[in-house]
Amino acid sequence: MDCSGCSACLFSWGLRNKRHCILNEQYSPEEYTKKAQELRTGSYAAFSAAQREFAGVRLNCIRKAVHSVQSEECIGDYLQNCKACVACFNALDSQDCRYMYDGVSCKDCGDCNEMGYSELCYDVVEAFPEAYSVLWSFLTANTSDMQYCDHCYNSKHLFGCVGIRKGEYCILNKQYSKEEFEKLIPKIIEKMIVDGEWGEFLPVAMSPFAYNETVAQEAFPLTKGEAEKRGWQWRDAEEKQSQYLGPDYAIPDVITNAPDAIIEKILRCAVTGKPYKIIPQELKFYRDMGLPVPRMCPEERHRERMALRNPRKLWNRECAKCSKAIETTYAPERPEIVYCESCYLSSVY
Ligand SMILES: [Zn+2]
């Protein structure tokens, strides 16, 4: 990870223009081929040992305060080719956005999540692509001048609508003329201001998912009690998921010893105990790549991958080299060595 201009490298971090490195150690091409083959035997024991060793390598590597590249006047992380974006995370080719997560080619958007090629949007969840002047809405594409709408596409001039396709001048899914629409909207807004509804996002009760079923739980994890205290739904895992009482199948250490029949077996997650299975395409992939059959259920593997990303939160910290104040997504108590951008660049190049 954090390698660039590298090829033929394994389990390495923070390298530039390198070849034939394993666990950040330089090898000759012959030594590299031999050692790489040892790691690619598909043995779970060997792979796990390399992963543990890699964790030690990672801890000793220098980290940049944030992972953003080619971005200027920005505050946030995982930004690429962005300008003047504040409190934004995971954005690409965007400009003048605020509090936007997961955006591509957006301009002047605020309080938005999962956005693409959109402009002048506020409080919107998933507009992809091309939303223009869309406010307080959920799931849309190719729309403009839309407020308080849900699942509306290829439309314009909508208010409080659900599921409209190729529509215009509709309020609460009812068709109006342009003149009627423009006359009614100010009256509705006036009433909503009086009722304290104007400017607020759609009520959380409309969410078809419980908090812990959404990506919000990955970025901003809450306990069941914390979510319910806020009045948000929570869904416990279905009982049947943990009711498998059959024999535990012992997964062979090496992938070449895994029989075709393993796809029929019920495997048990080494972390959560949850039963899971693998599918034929998955087995073929592991065999082709020389990887062992995973010991964790898909959800736990997803959680482990997500944990590699830094949280969507900034802390004040000091550069570990020059002591300059930095804003970083590495919490102060984390053990990684975190540098300001100039110290990082002078160290890795
Ligand atoms: Zn520094």
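Is Phe-11 buried or exposed, and what is its relative accessible area? Phe-11 is buried, with a relative accessible area of 17%, where buried means under 20% relative accessible area, exposed means over 50%, and partly exposed lies in between, with a 1.4 Å probe and protein chains only. The structure is a predicted model, in which local features need pLDDT of at least 70 and side-chain atom pairs count only at pLDDT 80 or more, while totals for chains, interfaces and linings use all residues. Residues are numbered from 1 along each chain as its sequence is written, and side-chain values use heavy atoms, with hydrogens and water left out.

## The whole protein

The protein is divided into domain 1 (7-64), domain 2 (75-204) and domain 3 (249-306), with bounds that come from an automatic or database domain assignment. Between the C-alpha centres of domain 1 and domain 2 there are 46 Å. The protein has eight helices and 18 strands; helices (H or I, at least four residues) and strands (E, at least two) are DSSP runs, numbered from the N terminus. Its C-alpha trace spans about 75 × 60 × 35 Å along the principal axes.

Of the 349 residues, 37% count as buried. The accessible surface of the protein is about 20,100 Å², and 54% of this belongs to carbon and sulfur atoms; such areas come from the Shrake-Rupley method with a 1.4 Å probe, and for residues only the protein chains shown count as cover. Among the contacts with a separation of 6 or more, 26% are between residues 24 or more positions apart, a contact meaning heavy atoms within 4.5 Å.

## The sheet of β1, β2 and β3, and its helix

An open sheet of three strands follows the order β1-β2-β3, with mixed pairing, and two strands pair if DSSP finds at least two bridges between them. Because β1 (7-10) and β3 (25-26) stand at the edges, each with a single partner strand, one side of each is left without a neighbour in the sheet. Strand β2 (residues 19-22) pairs with β1 in the parallel sense over three bridges, and Leu-10 has Ile-22 in β2 as its bridge partner. Helix α1 (residues 29-39) packs on this sheet and touches β1 and β2, its direction making about 45 degrees with that of β2; the axes are lines fitted to C-alpha atoms, for helices over the stretch in contact, and angles run from 0 to 180 degrees between N-to-C directions.

Within α1, the residues Tyr-32, Ala-36 and Leu-39 are buried. Seen down the axis of α1, its buried residues fall within an arc of 55 degrees, so they line one face of the helix, the arc being that of the directions from the helix axis to the C-beta atoms. Glu-30, Lys-34 and Gln-37, on the other side of α1, are exposed. The buried residues of α1 pack against β1, β2 and α2 (44-59).

Phe-11 itself sits in the loop between β1 and β2. Leaving aside residues up to four places away in sequence, Phe-11 touches Ile-22, Leu-23, Asn-24, Leu-39, Phe-47, Ala-50, Gln-51 and Phe-54. The C-alpha atoms of Phe-11 and Lys-64, which are 53 residues apart along the chain, are separated by 19 Å.

## Parallel strands from β6 to β8

Strand β6 (residues 86-92) and strand β7 (residues 98-104) run parallel and are joined by four bridges, with Gly-103 in β7 as the bridge partner of Ala-91. Strand β7 also runs parallel to strand β8 (residues 110-116), here with five bridges, and Met-115 in β8 is the bridge partner of Gly-103.

## Backbone details

Most residues other than glycine have a negative phi, and most peptide bonds are trans. Two residues other than glycine with a positive phi are set out below.

| Residue | Phi | Place | Relative accessibility |
|---|---|---|---|
| Asn-154 | near 45 degrees | strand β11 (residues 150-159) | 40%, partly exposed |
| Lys-166 | near 50 degrees | loop between β11 and β12 (168-171) | 73%, exposed |

A cis peptide bond, with omega of about -5 degrees, joins Phe-128 and Pro-129. Pro-129 is found in the loop between β9 (122-127) and β10 (131-147).
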